[in-house]
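Thanks for coming. I will show one structure today and walk through a handful of places in it.

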Amino acid sequence: EKLRTQLRSGKLDNRLVEIEIREKSFPVIELAGPQGVEEMGINMKDMLGNLFQGRTKQRKMRVDEAMEHLMQEEEERLIDMDQVARAAIERVESSGIIFLDEIDKIAGRESGHGPDVSREGVQRDILPIVEGTTVNSRYGMVRTDHILFIAAGAFHVSKPSDLIPELQGRFPIRVELESLTVEDFKRILTEPKNALIKQYQAMMATEEVTIDFTDDAIDSIANFAARVNEHTENIGARRLQTIMEKLLEEISFEGPDLEPKKQLIDASYVEAMLSETVKDQDLSRYIL
């Protein structure tokens with residue numbers, strides 16, 4: 001009972017124990033052949049995987065790691081993966097959503113040569129899946145009749161009418177999105193869990209450098225991003241990545257040699273680092 005109390009309280013976590021674990025490795029089998037053989041390799045791994053899971057080996061590890069490993073093994077015994085796969089397929093077929101991004105890249109038809117031929121071919125490959133068919137997956141056959149398909153694209157060069165008529169008919173609801181505003185950029189910089197400002201603060205923290213951004217600095221960054229998007233190509237929120245990289249390039253380059261270790265980024269610093277580049281449109285096209 002005393003040992004169990006110590007185990008639960010974590011006092012034994014750093015001790016080494018030797019346990020018997022099941023091997024999960026699968027021998028490497030290389031198959032050379034025509035296109036589609038990769039899928040056959042995946043299926044062979046699924047079919048033959050159980051043949052190699054009966055072997056065990058002794059391994060030394062810390063108590064806390066051993067506890068986690070034993071819990072995972074017990075969970076695998078309790079869960080029927082076939083039932084999980086069946087439930088997942090049922091959910092996908094009844095309430096699944098598939099998002100087709102950058103569909104404008106395959107827009108193009110009525111051309112007998114060049115890249116338009118392959119674009120139309122991709123559209124015709126997508127068409128039966130969107131219309132409703134049965135596709136083979138590693139977990140079994142999946143019907144796409146009731147799956148919701150959403151497609152998006154910038155359509156700077158092409159337009160939706162460049163898609164083949166059959167595919168256009170499968171996307172009857174069309175919505176045009178507005179360009180991002182300065183307020184949108186400010187929210188993107190600060191609100192998400194992995195916002196850009198938080199990413200750069202965490203990255204510089206590895207060099208023991210602390211970066212703080214004032215509110216007017218965030219306003220200035222958002223304004224610069226909106227201006228560059230307006231005067232050059234509008235690439236949306238991706239502009240913030242290049243703006244931030246240019247803004248912090250000196251601090252990032254200095255890294256551990258930077259003094260002082262605590263850096264304050266305000267509107268004047270943003271203006272000093274970005275104003276000249278933003279004014280020169282030719283330069284901003286290549287740098288920002």
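Let me begin with one residue: is Ile251 buried or exposed? Ile251 counts as buried, because its relative accessibility is 4% and the cut-off for buried is under 20%. Before I go on, please keep in mind that this is a predicted model.

Staying with Ile251, you will find this residue in helix H11, which covers residues 249-254. What does Ile251 touch, once residues up to four places away in sequence are set aside? The list is Met204, Val209, Ile211, Leu258, Gln263, Ile265 and Tyr269. For one of these, Gln263, I also have a C-alpha to C-alpha distance from Ile251: 8.7 Å, with the two positions 12 residues apart in sequence.

Now the overall picture. The protein chain has 288 residues, and buried residues make up 26% of them. How many helices and strands are there in the protein chain? There are 13 helices and eight strands. On contacts, take those in the protein chain with a separation of 6 or more: residues 24 or more positions apart account for 69% of them. As for the surface, the chain exposes about 20,300 Å², and 52% of that is supplied by carbon and sulfur atoms.

Next, helix H3, residues 63-78, where His69 has its place. His69 is buried, since its relative accessible area is 17% and the limit is 20%. Leaving out residues up to four places away in sequence, His69 touches Ile19, Ile21 and Met61.

Further along helix H3 there is a salt bridge. Glu73 pairs with Arg77, and the closest N and O atoms are 3.8 Å apart. Why are Glu73 and Arg77 separated by about one helical turn? Because they are four residues apart in helix H3. The two partners are not alike in accessibility: Glu73 is buried, with a relative accessible area of 5%, whereas Arg77 is exposed, at 53%.

A search of the whole structure finds 14 salt bridges, so let me mention two others. In helix H5, residues 115-131, Arg124 and Glu120 sit four residues apart, about one turn of the helix. Their side chains meet in a salt bridge, with 3.2 Å from N to O. Arg124 is partly exposed, with a relative accessible area of 40%.

The other is between the side chains of Lys159 and Asp162, at 3.5 Å from N to O. Lys159 counts as partly exposed, at 46% relative accessibility, and Asp162 is partly exposed too, with a relative accessible area of 22%. Going back to helix H3 for a moment, salt bridges with shared partners join Glu73, Glu74 and Arg77 into one network.

Helix H5 also holds Ile126. Which residues is Ile126 in contact with, leaving aside neighbours within four places in sequence? Those are Leu100, Ile106 and Leu167. Ile126 and Leu167 are 41 residues apart along the chain, and their C-alpha atoms are separated by 8.3 Å.

Last topic, the surface patches. One is nonpolar: Leu78, Ile79, Met81 and Val84 form it, and together they have about 420 Å² of accessible area. Met81, from this patch, is found in helix H4, residues 81-95. Met81 counts as exposed because its relative accessibility is 55%, and exposed begins over 50%.

Which residues gather in a patch of negative charge on the surface? They are Glu207, Glu208, Glu250, Glu254, Asp257 and Glu259. Glu208 is found in the loop between helix H8 (196-205) and strand E7 (210-213). With a relative accessible area of 62%, Glu208 is exposed.

To recap, we started at Ile251, which is buried, and ended at Glu208, which is exposed. That is the end of my walk through the model.

Terms used: Residues are numbered from 1 along each chain as its sequence is written. This is a predicted model: local features need pLDDT of at least 70, side-chain atom pairs count only at pLDDT 80 or more; totals for chains, interfaces and linings use all residues. Side-chain values use heavy atoms; hydrogens and water are left out. Helices (H or I, at least four residues) and strands (E, at least two) are DSSP runs, numbered from the N terminus. Buried means under 20% relative accessible area, exposed over 50%, partly exposed in between (1.4 Å probe, protein chains only). Contact means heavy atoms within 4.5 Å. Patches are made of residues with over 30% relative accessible area and no salt bridge: like charges are joined within 9 Å, nonpolar side chains (Val, Leu, Ile, Met, Phe, Trp, Tyr) within 5 Å. Accessible areas come from the Shrake-Rupley method with a 1.4 Å probe; for residues, only the protein chains shown count as cover. A salt bridge is a side-chain nitrogen of Lys or Arg within 4 Å of a carboxyl oxygen of Asp or Glu. Lys and Arg count as positive and Asp and Glu as negative; His and the chain ends are not counted. The place of a charge is taken as NZ of Lys, CZ of Arg, CG of Asp or CD of Glu.
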